[in-house]
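Got your viewer open? Let's take a short walk through this structure, one selection at a time.

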Amino acid sequence: MQQFNLLLTSLPDGILLGFVYGLAAMGLTLIWGVMNVINLSHGPIIALGMFGTFFIFSRMGINPYVGLIPVAVFGLLLGILIYVVAVHRVINAPHLSSLLATFSVNMIIIGLGTAALTTSPFNVDFNAGGFKLGSATILGTRLIAALVAMLFTGGLYLFLYRTRPGKYIRAVANNRAAAELMGIPSTRILALSFGLGTMLAAVSGALIATFFPFSILAGGSYELKSFVIGVLGGLGNPIGALFGGLVLGVLEGIIPAFLETSWVPVIEFALFVVILLVRPSGLFGAKQ
């Protein structure tokens, strides 16, 4: 009975967190789907989003959800800059080259962040209230973050399927050479895609900062979760990432009711390996 009560308490929280995990993974899988690049700077960019919320709220006194706008713009511009400086020259090279390029960006951000901010934990002391749902307490920050994640997912879907740049992105992802023959400026579209992926990572970090302490190294664990979610939802399928995030969130809500919390990453990565072996394209496949 005690386990059942614990399950009812932790499961809603896990589901709401799952939406934010899905948003974080969406940026990683969008970049992979369009340009076949694994972005190893994904984690530090999530951490930069966290610090964006910290400085906007704690130093400037602006509501953290209003602060999502400058964080999103910063993420978009940073992603375009990273693409132009580090990724563009190795986009057609073997995967190891792009891995090393994004890993270098990862180390640069961590190095500069550690020098400027140290590795001490920071906290965004923001309270959005909450309400009781049976035996569970639903925090306002978790609920708002889940709604924001769904809003960004819907916005991404509309952008990819209802706008000309979005259709260009899907065309380049499907066949870059053919898209170029049709007059689509692939270099600008790839830069935009990398910027969008980075923007989603930064926004997810900004949301996570409202409920967990963080440091410049905090993005690493969410980067690993993003890989697991990407495989669950199908690498290259940004919308599937949201469902993959929900699966991971449900797992994180269920596991602590029956096992020690330390088992959570073990089971997550065991699932990661099983999905790779049984269904490499992911539970939801990869959309072209």
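A salt bridge, for this tour, is a side-chain nitrogen of Lys or Arg within 4 Å of a carboxyl oxygen of Asp or Glu. Keep in mind that you're looking at a predicted model. By that rule, the count here comes to three salt bridges.

**Stop 1: Asp13 and Arg142**

Select Asp13 and Arg142 and show their side chains. These two form a salt bridge, and their closest N and O atoms are 2.9 Å apart. Now colour the helices: Asp13 sits in α1 (residues 2-35) and Arg142 in α5, so this pair ties together parts that are 129 residues apart in sequence. Turn on the surface, too. Is Arg142 buried or exposed? Arg142 is buried, with a relative accessible area of 8%. Its partner Asp13 is partly exposed, at 24%.

**Stop 2: Lys225 and Glu252**

Next, jump to Lys225 and add Glu252. Here's another salt bridge, with 2.5 Å between the closest N and O atoms. Lys225 belongs to helix α9 (residues 219-233) and Glu252 to helix α10 (residues 238-254), so the pair ties together parts 27 residues apart in sequence. Don't be surprised if the surface hides them: both Lys225 and Glu252 are buried.

**Stop 3: add Glu268**

Keep Lys225 selected and bring in Glu268. Lys225 forms a salt bridge with Glu268 as well, the closest N and O atoms being 3.6 Å apart. This pair links distant parts of the chain, since Glu268 lies in helix α11 (residues 263-278) while Lys225 is in α9, 43 residues away. Glu268 is buried, just like Lys225. Which residues end up linked in a network of salt bridges? Show Lys225, Glu252 and Glu268 together and you have that network on screen.

**Stop 4: a nonpolar patch**

Time to head for the surface. Select Phe131, Leu133, Leu143, Leu147 and Met150: they form a nonpolar patch there, with about 440 Å² of accessible area together. Which elements each supply at least two residues of the patch? They are β1 (130-133) and α5 (140-162). Helix α5 gives the most, with three residues.

Finish by clicking on Met150, which you'll find in helix α5. Met150 is partly exposed, with a relative accessible area of 37%. Before you close the viewer, look along α5 once more: this helix holds Arg142 from the first stop and also supplies residues to the nonpolar patch.

How values were computed:
Residues are numbered from 1 along each chain as its sequence is written. This is a predicted model: local features need pLDDT of at least 70, side-chain atom pairs count only at pLDDT 80 or more; totals for chains, interfaces and linings use all residues. Side-chain values use heavy atoms; hydrogens and water are left out. Patches are made of residues with over 30% relative accessible area and no salt bridge: like charges are joined within 9 Å, nonpolar side chains (Val, Leu, Ile, Met, Phe, Trp, Tyr) within 5 Å. Accessible areas come from the Shrake-Rupley method with a 1.4 Å probe; for residues, only the protein chains shown count as cover. Helices (H or I, at least four residues) and strands (E, at least two) are DSSP runs, numbered from the N terminus. Buried means under 20% relative accessible area, exposed over 50%, partly exposed in between (1.4 Å probe, protein chains only).
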